[in-house]
Amino acid sequence: MTAKIAYDDVEVGTELPAQTFPVTRATLVRYAGASGDFNPIHWNEKFAKEVGLPDVIAHGMFTMAEAIRVVTDWAGDPGVVVEYGVRFTKPVVVPNDDKGALIEVAAKVAAKLEDNTVRVDITATSDDKKVLGMSRAVVRLA
Amino acid sequence: MALDQSFVGRTYPPTEPYEVGREKIREFAEAVGDTNPVYTDTEAAKALGHPDVIAPPTFVFSITFRAAGQVVEDPQLGLDYSRVVHGDQRFVYARPVRAGDRLTVVSTIESIKSLAGNDVLDIRGEVRDEAGEHVVTAWTKLVARAAEEA
């Protein structure tokens with residue numbers, strides 16, 4: 001496992017390159033198949049509205065998968081992630097059009113820990129709402 | 001109705017091994033739009049010191065959540081799954097999941113709380129490989145919304 005970022009080159013406050021991830025209905029159908037999560041709230045608008053949602057929503061685990069990409073793309077080797085946790089605070093609502101929704105992810109180094117590890121705090125928003133809370137990863141740098 | 005506190009600490013039997021396939025990893029990586037070659041190209045994975053292609057960090061959730069089905073579908077516990085939403089998710093990794101792994105999961109109920117009429121259930125899934133070595137632990141918080149809300 002080999003991170004391309006050196007521990008000595010980062011400090012508390014170092015910002016990771018932010019990224020924006022588009023999500024359409026097609027994305028969700030594909031994620032449902034790949035993950036095995038076929039809950040209809042992620043593809044059936046009628047069902048989603050019946051259970052009180054504004055529209056079809058993205059899988060929380062899809063959002064979690066996108067958010068960590070800001071960290072793994074930065075570190076180079078996803079195998080250096082030693083810890084990753086999130087709280088699902090608001091759903092990512094995905095309308096049935098060709099644009100869908102956007103998940104905007106930013107992250108920064110929040111603490112330098114032992115054994116060349118750092119804690120990275122991640123923020124993820126969609127439609128200006130925070131969709132993940134307490135979103136943190138610990139990664140082992142070079 | 002609040003869930004029975006006596007289930008706290010209950011551990012369920014290990015699941016049958018799940019064999020991690022390289023094409024399943026590829027499918028997952030493509031589904032999340034991640035083009036990192038470490039997920040699809042064995043040589044790229046080896047260049048980073050991995051014995052084979054690795055899976056994206058959240059891939060293992062499909063395995064641990066299926067294992068947690070033993071808990072959520074336990075008729076004695078009596079969780080109303082139609083009211084369940086995913087509250088929190090956390091992973092602690094000993095190493096990344098990789099192609100060829102045969103993984104078993106042991107699920108344990110860590111806590112049961114009742115908050116404003118909602119049942120809050122914390123499930124820990126310990127994932128081990130064929131040699132019995134720890135690979136990753138997943139903590140999943142499920143919230144069953146109060147029935148009165150509807």
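A contact here means heavy atoms within 4.5 Å. In chain A, residues 24 or more positions apart account for 67% of the contacts with a separation of 6 or more. The structure is a predicted model, in which local features need pLDDT of at least 70 and side-chain atom pairs count only at pLDDT 80 or more, while totals for chains, interfaces and linings use all residues. Residues are numbered from 1 along each chain as its sequence is written, chains are lettered from A in the order in which they are written, and side-chain values use heavy atoms, with hydrogens and water left out.

**Chain A and the annotated domains**

Chain A has four helices and six strands, where helices (H or I, at least four residues) and strands (E, at least two) are DSSP runs numbered from the N terminus. From the N terminus on, these elements follow the order β-α-α-α-α-β-β-β-β-β. The C-alpha trace of chain A spans about 50 × 30 × 25 Å along its principal axes. Of its 142 residues, 50% are buried, buried being under 20% relative accessible area, exposed over 50% and partly exposed in between (1.4 Å probe, protein chains only).

The table lists two domain features from UniProt, both from unreviewed entries; UniProt positions are given in the numbering used here, feature names are shortened, and annotations may be inferred rather than shown by experiment.

| UniProt feature | Residues | Helix | Strand | End C-alpha distance |
|---|---|---|---|---|
| domain: MaoC-like | 14-121 of chain A | 30% | 31% | 11 Å |
| domain: FAS1-like dehydratase | 6-137 of chain B | 21% | 31% | 23 Å |

**Aromatic rings and charges**

Rings of Phe, Tyr and Trp (its six-membered ring) pair if their centres lie within 6.5 Å, and planes under 30 degrees apart count as stacked, over 60 as edge-to-face and the rest as tilted. By this rule there are five aromatic pairs over all chains. One of them is edge-to-face and joins B:Phe28 to B:Phe59, at 5.5 Å centre to centre and with 85 degrees between the planes. This pair links distant parts of the chain, with B:Phe28 in helix α1 (residues 22-31) of chain B and B:Phe59, 31 residues apart from it, in the loop between α2 (42-47) and α3 (61-72). Both B:Phe28 and B:Phe59 are buried, and together with A:Tyr31 and A:Phe62 they form one aromatic cluster.

B:Phe61 and B:Phe65 make a stacked pair, 5.1 Å centre to centre with 20 degrees between the planes. Both lie in helix α3 of chain B, four residues apart, about one turn of the helix. An α-helix has 3.6 residues a turn, so residues three or four places apart point the same way. Even so, B:Phe61 is buried at 9% relative accessible area, whereas B:Phe65 counts as partly exposed at 26%.

A charge sits over a ring if NZ of Lys or CZ of Arg is within 6 Å of the ring centre and within 35 degrees of the ring normal. The charged end of A:Lys112 lies over the ring of A:Tyr7, 4.2 Å from its centre, and that of B:Arg90 over the ring of B:Trp139, 4.4 Å from its centre.

**Helix α3 and the strands of chain B**

The buried residues of α3(B), including B:Ile63 and B:Val71, pack against α3 (60-67) of chain A and against β1 (18-19), β2 (84-93), β3 (102-115), β4 (118-128) and β5 (134-144) of chain B. Eight of the 11 residues of β4(B) are buried, so this strand is largely enclosed by the rest of the structure.

Two strands pair if DSSP finds at least two bridges between them. β3(B) and β4(B) run antiparallel, joined by 11 bridges, and β4(B) pairs with β5(B), also in the antiparallel sense, over 10 bridges. The hairpin of β4(B) and β5(B) has five residues between the strands, and B:Gly132 in the turn has a positive phi of about 85 degrees.
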